[in-house]
Structure formats: C-alpha cells, structure tokens
Number of protein chains: 2
Amino acid sequence: MSSFSTDLKSFADKIDSFLLDYFKQQEQPTKIYEAMGYGLFSGGKKIRSYLTLGAFDLLELEESLAIPVAAAIECVHSYSLIHDDLPSMDNDDFRRGKESTHKKFGESTAILAGNSLLTIAFEILTSDALHLDKETKSDLVFALASCSGHQGIAGGQYLDLSFEGKQQTQEAIIDMENKKTGVLMGFCCEAAAIVGKKKELREELRKIGLDMGLLFQVADDLLDAYGDQQKMGKPSKQDDIKGKVTLLSTLGLESTKKLAENLLNKIQQSLKKYGSKSNRLVTSAEFILKRDH
Amino acid sequence: MSSFSTDLKSFADKIDSFLLDYFKQQEQPTKIYEAMGYGLFSGGKKIRSYLTLGAFDLLELEESLAIPVAAAIECVHSYSLIHDDLPSMDNDDFRRGKESTHKKFGESTAILAGNSLLTIAFEILTSDALHLDKETKSDLVFALASCSGHQGIAGGQYLDLSFEGKQQTQEAIIDMENKKTGVLMGFCCEAAAIVGKKKELREELRKIGLDMGLLFQVADDLLDAYGDQQKMGKPSKQDDIKGKVTLLSTLGLESTKKLAENLLNKIQQSLKKYGSKSNRLVTSAEFILKRDH
C-alpha cells in the first residue's frame with residue numbers, strides 16, 4: 001500500500017471505531033441498527049472523512065475534533081447511498097460488491113435505516129462526543145442541514161432522477177452534481193473553518209470542497225464508462241443503461257477529461273498558499289481523479 | 001367553533017405562516033418543495049404545535065419562541081407521515097381525505113420530500129429565525145435528533161411494521177407507541193424546559209408529553225375502530241384489516257377505555273400545581289381523548 005492508502009485506511013478505521021463506540025451507547029433493539037451499520041462499516045474508502053481531516057490539517061486543528069465531524073458526514077453520506085439505491089430511485093441491487101441495503105434487509109428497513117443515519121448525524125454533532133462549545137455545534141448543524149435537504153443532497157437526487165433520458169445543459173448538470181455530491185464535500189472543508197472559528201475562510205474552503213465534489217463526480221462518470229467492474233464491486237456502464245444524464249454523456253470523453261484536469265489544477269492552485277499544511281487535501285484531489293474504484 | 005378550536009386553529013395558522021415565510025427564502029427549484037408542503041399545509045390540526053405552545057405557557061415563555069420550535073416539530077411529524085404511508089410501509093393511499101404524498105407525487109419524490117422535511121427541522125432550529133442563543137439551539141437539536149432516529153420515530157415505525165399479525169405484550173406495544181408517537185410529543189413539552197433553561201424540569205415535562213402521546217395513540221385506536229370515516233378523511237378499521245397490533249386489539253375495549261381515562265387523569269394531576277398556566281396543556285389532553293378526527 002502507498003503511504004496515502006495507509007493514511008486513508010487508518011483514518012477510515014478511526015471513524016469506524018468512533019461510530020461503533022457511539023452506537024454501543026445506544027439502545028439497539030432492532031434490525032435497523034444492523035442495517036445502519038451494513039453500509040457504514042462495509043470498508044468504503046471514506047474519502048469524505050479524509051477530506052475533513054485534510055481541511056482540519058489546513059487550519060492546524062486537532063484530529064480528535066475532525067473525527068466526530070467526519071463521522072457525522074459519513075452517516076449523511078451513507079444515508080444518501082441507501083436511499084439512492086432504492087427501487088423507486090436508482091434501483092441498484094449491488095453496492096461495493098455486496099447486496100444493497102434494501103436487497104439485504106427489505107425496503108422499509110432500508111428507508112428507516114437511512115432516515116436514522118441522517119438523524120444521528122445531527123445527534124453526533126450536538127453530543128458530548130464532540131468536544132466543542134455549543135455555539136460551534138449549532139453552526140455545524142445549520143451548515144450540514146442546509147446541504148442535506150431539498151437545497152442539497154435530496155434536491156440533487158430529485159434532479160438526477162428527473163433528468164433521466166432528457167438532454168440537459170452543462171450548467172444544469174453541474175448544478176445537479178453540486179447538490180448531489182458537491183455540497184457535502186463542501187461541508188467537509190467548510191467544517192474546519194467553522195470549528196476553527198475562521199468565518200472569513202468558510203466560503204473559500206467550501207468552494208474547494210465543492211470543486212472536489214465535481215471532480216469526484218466526473219471521475220465517477222469516467223469510471224462507470226471505462227472502469228474495471230471487478231475493482232468497482234458493481235456492474236459498469238450503468239449510467240448509460242439507465243439513461244443517466246452525466247457530464248460525460250453531455251460533453252464527450254475529451255472535454256470531460258479536460259474538465260477534470262482543470263478542476264484538479266484549480267484545486268491545487270487554491271491550496272498552494274497553505275504549503276505543506278495542505279498535503280492531505282492535495283493528495284485527496286489527486287486520488288479522487290486517479291482512483292480505480 | 002369552541003374557543004379551544006379557535007385557539008388551536010389560530011396557532012396552526014401561525015405555524016403555517018412561519019413555514020411559508022421560511023420556505024420562501026429558500027431556493028425552490030423542484031417539485032420536492034411542492035411535495036413537502038402538500039401534507040404540511042393540508043389543514044391538519046397541528047396538535048403537536050399546540051402542545052408546544054401549551055408547554056411554553058407553562059413556563060411563561062414567549063409565543064414567538066414557541067413558533068419556530070413548533071414548526072420544526074411539524075416538519076418532523078410531516079416527514080414521518082409521508083414515509084409511514086409509503087407502499088413498503090403502511091401502504092396508505094389516503095391521508096386527511098386527500099391522496100397521500102406518494103400517490104400524488106410518486107414514490108421517489110415522496111421519500112425525498114420526507115427526507116427534506118426531516119432535515120429542515122434541524123436547519124430551522126439552528127437558523128436566525130429562532131431568536132435564541134446557540135447553546136440552547138444545540139440542546140434542542142440534540143433532544144429532537146435523539147427522538148427522531150432509530151431510538152425514536154424511525155425505530156417505532158420499524159417495530160410497528162415488525163409486529164404486524166404477531167401477538168405482543170402490553171409493554172412491547174407501549175414501547176412501540178412511545179417511540180412512534182410519544183417521544184416527539186415528549187419533545188414538544190421538554191423543548192419549553194430547554195428554552196426556559198430549566199434543566200430540572202426537562203424530565204418532568206418530557207414525561208407529560210410522553211403520556212399525551214400514549215393517550216393520543218389509544219384515542220387513535222378507538223377512532224380507527226369506532227370513528228366516523230367521513231370525519232376522519234380516511235377509511236376506518238384499517239388497523240384490523242392490516243393486522244396492526246394495537247393496545248385496543250390486545251387489551252380489548254373496556255381496558256383500553258380505562259387506560260385512556262387513567263392517562264388523562266395522570267396528566268391532569270401532574271399539571272395541577274401549575275394552575276392556570278397549564279390551561280392549554282390540560283385542554284389539549286382532553287381534546288386528544290375526545291376528538292372525532
């Protein structure tokens with residue numbers, strides 16, 4: 001493993017431990033708990049957690065503060081994956097080489113597990129597990145809520161579904177991708193400015209995260225079309241089969257690759273002034289573009 | 001209209017106005033927004049809002065503070081109704097005499113609208129629309145989150161579905177009803193103690209709300225079995241048809257009526273010491289038991 005992979009895996013493990021400890025303190029009467037953990041602890045890369053850690057590095061904030069914030073973000077991300085896979089949404093039976101949550105636990109339990117993960121994110125941010133003053137916690141909740149509902153993730157998923165089979169402008173697709181993926185990555189970075197009480201940096205960091213999100217989505221389009229099915233743990237060319245409208249399907253291969261390079265370049269430029277404090281964020285951006293699963 | 005009905009309607013209207021104003025400030029690009037408002041503004045009684053107002057009265061807190069808190073609670077309640085009605089859950093095509101949200105807008109939009117309502121509740125509580133210090137906001141978020149996820153509403157709905165057609169003990173049913181309905185009503189009352197910074201009253205008020213919730217559920221069982229379909233705006237005897245396990249189906253009519261009387265009596269006793277400050281809460285409890293829809 002490269003040192004990046006080791007670092008990524010090590011932080012993902014810390015998030016898993018935090019969440020396992022957090023869940024252990026709760027009443028666990030039902031299968032919902034199992035369904036909540038099924039995707040969350042399935043060995044995903046937890047790239048959003050790593051972005052959060054990278055942004056906390058940038059502002060020289062403690063890792064111990066990044067962990068609960070990243071854990072809350074992973075809960076929101078995991079909720080969105082469970083719901084996106086549902087029969088009435090993208091109808092995906094597989095995720096990361098395993099049955100998707102509704103295939104494994106049934107549809108109602110999957111919906112409820114998703115709802116519970118979304119909810120617990122806000123609980124974690126305001127719990128004693130995050131050693132911050134309540135002012136900061138309230139600001140974190142507001143920012144995370146703003147990017148999770150109809151103006152963010154849920155709205156983006158709605159647009160994604162409504163676009164299927166219909167041509168869209170590049171701007172409309174970017175707006176959809178930003179909502180679906182970008183804003184949460186924006187929050188990963190903005191959270192550091194909130195925790196570090198650097199109000200003047202919130203927008204700057206949020207935008208870097210937003211670009212990371214778009215880069216992630218473009219890379220995802222390319223992976224879906226040209227990636228190795230085995231490595232991805234799900235069938236390839238699904239976007240095409242489902243009539244998904246993507247930047248790749250709209251711009252074509254060359255322009256999409258060019259867009260990705262431009263985004264990476266833009267992110268690198270924005271981070272330059274932070275010197276070595278931005279190492280983890282820069283490596284994340286490179287990884288996001290070059291990953292093979 | 002009785003003075004109670006007028007008072008109830010007047011506060012429900014204030015909640016609707018607050019929410020309409022709040023939504024107006026947001027980007028409204030999609031049908032999700034319409035689906036979010038479809039149930040929320042359908043002229044429901046908003047009894048949870050009124051409970052909140054009643055608890056704020058008890059501690060002599062301003063109505064202007066109760067409004068955003070109650071609005072957040074209505075968003076959570078409305079989310080839970082939309083999701084409960086889904087085909088994979090209770091599969092209800094009608095609610096309050098209208099098509100349920102998924103029948104009207106489609107399943108994916110209904111799920112996403114529910115998710116957005118759940119999310120916006122936390123946004124409202126931490127927004128500038130609630131004129132409170134951020135410490136209190138953080139405490140409100142933690143309490144609301146704790147009763148909305150797998151340990152509360154979502155967990156209760158899971159239990160409700162898993163009980164169908166299977167005999168349960170009275171204790172198991174009460175635990176399920178508390179999670180499904182009670183804890184949110186508990187929060188309506190506890191929220192006043194949080195806002196009033198009366199830590200020592202939180203548990204006492206929460207328990208009164210919990211009893212209100214159980215009373216509500218028992219009254220609902222009786223309405224479903226013996227109520228007037230026209231007044232309710234939905235078909236009656238649905239619990240029976242769906243094999244729902246309820247307190248009524250387990251205890252029988254006489255014991256259920258007795259339980260309801262005992263609960264009402266208990267609530268009245270708990271509120272006695274507050275004198276006229278508890279008027280709205282006492283009237284709410286009486287209304288909850290005696291309503292015909």
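**Entry 1: Ala191 in chain A**

I looked up what Ala191(A) touches, skipping anything within four places in sequence, and got Thr52(A), Ala55(A), Val69(A) and Leu140(A). This is a predicted model, so I keep that in mind throughout. Ala191(A) sits in helix H9 of chain A, which covers residues 170-195. Is Ala191(A) buried or exposed? I found 31 C-beta neighbours inside 10 Å, so Ala191(A) counts as buried. I also checked Ala191(A) against Glu261(A): they are 70 residues apart in sequence, and their C-alpha atoms are 26 Å apart in space.

**Entry 2: Leu144 and the core**

Next I went for the largest nonpolar core, which has 174 residues. Which residues have the most contacts inside it? My list reads Ala121(A), Leu144(A), Leu215(A), Ala121(B), Leu144(B) and Leu215(B). I picked Leu144(A) and noted its partners, not counting residues up to four places away in sequence: Ala72(A), Val76(A), Ala121(A), Leu125(A) and Phe187(A). One of those partners, Ala121(A), is itself on the list of residues with the most contacts in the core. A background note to myself: in soluble globular proteins, nonpolar side chains tend to be buried together.

**Entry 3: Ala285 in chain B**

Over in chain B, I found Ala285(B) in helix H15, residues 279-290. I put Ala285(B) down as buried because 26 other C-beta atoms lie within 10 Å. Leaving out neighbours within four places in sequence, I have Ala285(B) in contact with Met212(B), Leu215(B), Leu264(B), Ile267(B) and Gln268(B). Leu215(B) was already in my notes as one of the residues with the most contacts in the core. From Ala285(B) to Ser42(B) I get 243 residues in sequence and 23 Å in space, C-alpha to C-alpha.

**Entry 4: H1 against H4 in chain B**

A general reminder first: two packed helices are described by the angle between their axes and the distance between the axes. I took helix H1 (residues 3-24) and helix H4 (residues 63-84) of chain B, whose axes come within 9 Å and cross at roughly 80 degrees. So I wrote down H1(B) and H4(B) as roughly perpendicular to each other. From H1(B), the contact uses Lys14(B), Ile15(B), Phe18(B) and Leu19(B). From H4(B), I listed Ile67(B), Pro68(B), Ala70(B), Ala71(B) and Glu74(B). Sorted by class, this contact has seven nonpolar, no polar and two charged residues.

**Entry 5: Ala129 in chain B**

Ala129(B) is in the loop between H6 and H7 of chain B. I counted it as partly exposed because it has 17 C-beta neighbours inside 10 Å. With neighbours within four places in sequence set aside, Ala129(B) is in contact with Tyr22(B), Pro68(B) and Ile124(B). I had already met Pro68(B) on the H4(B) side of the contact with H1(B). Ala129(B) and Phe41(B) are 88 residues apart in sequence, with 19 Å between their C-alpha atoms.

**Entry 6: two positive phi angles**

I then checked two residues that have a positive phi without being glycine. Glu60(A) has a phi of about 55 degrees. I found Glu60(A) in the loop between helix H3 (47-58) and helix H4 (63-84) of chain A. Glu60(A) is exposed, because just 9 other C-beta atoms lie within 10 Å. Arg96(B) has a phi of about 50 degrees. The loop holding Arg96(B) runs between strand S1 (94-95) and strand S2 (98-99) of chain B. With 15 C-beta neighbours inside 10 Å, I put Arg96(B) down as partly exposed.

**Entry 7: Asn265 in chain A**

Asn265(A) belongs to helix H14 of chain A, residues 253-272. I found 11 C-beta neighbours inside 10 Å, so Asn265(A) counts as exposed. Asn265(A) and Glu286(A) are 21 residues apart along the chain, and their C-alpha atoms are separated by 9.8 Å.

**Entry 8: how the two chains meet**

Last, I superposed chain B on chain A: it takes a rotation of 180 degrees with 0.0 Å of shift along the axis, and the RMSD is 0.0 Å. That is the relation of a two-fold axis. The same surface serves both copies, since 100% of the contact residues of chain B recur in chain A. I have 43 residues of chain B in contact with 43 residues of chain A. On the chain B side, helices H2 (31-40), H6 (107-125), H7 (134-146) and H8 (153-163) each supply at least two residues. H6(B) gives the largest share, twelve residues. By class, I noted 18 nonpolar, 19 polar and six charged residues on that side of chain B.

Conventions: Residues are numbered from 1 along each chain as its sequence is written. Chains are lettered from A and ligands numbered from 1 in the order in which they are written. Copies are superposed by least squares on the C-alpha atoms of residues with pLDDT of at least 70 in both. Two residues are in contact if their C-beta atoms, placed from the backbone, lie within 7 Å. Helices (H or I, at least four residues) and strands (E, at least two) are DSSP runs, numbered from the N terminus. Ala, Val, Leu, Ile, Met, Phe, Trp, Tyr, Cys and Pro count as nonpolar, Asp, Glu, Lys and Arg as charged, and the others, Gly among them, as polar. Axes are lines fitted to C-alpha atoms, for helices over the stretch in contact, and angles run from 0 to 180 degrees between N-to-C directions. Angles under 35 degrees count as roughly parallel, over 145 as roughly antiparallel, 65 to 115 as roughly perpendicular and the rest as oblique. A nonpolar core is a set of buried Ala, Val, Leu, Ile, Met, Phe, Trp, Tyr and Cys residues joined through C-beta atoms within 7 Å. A residue is buried if 20 or more other C-beta atoms lie within 10 Å of its own, exposed if 12 or fewer, and partly exposed in between; C-beta atoms are placed from the backbone.
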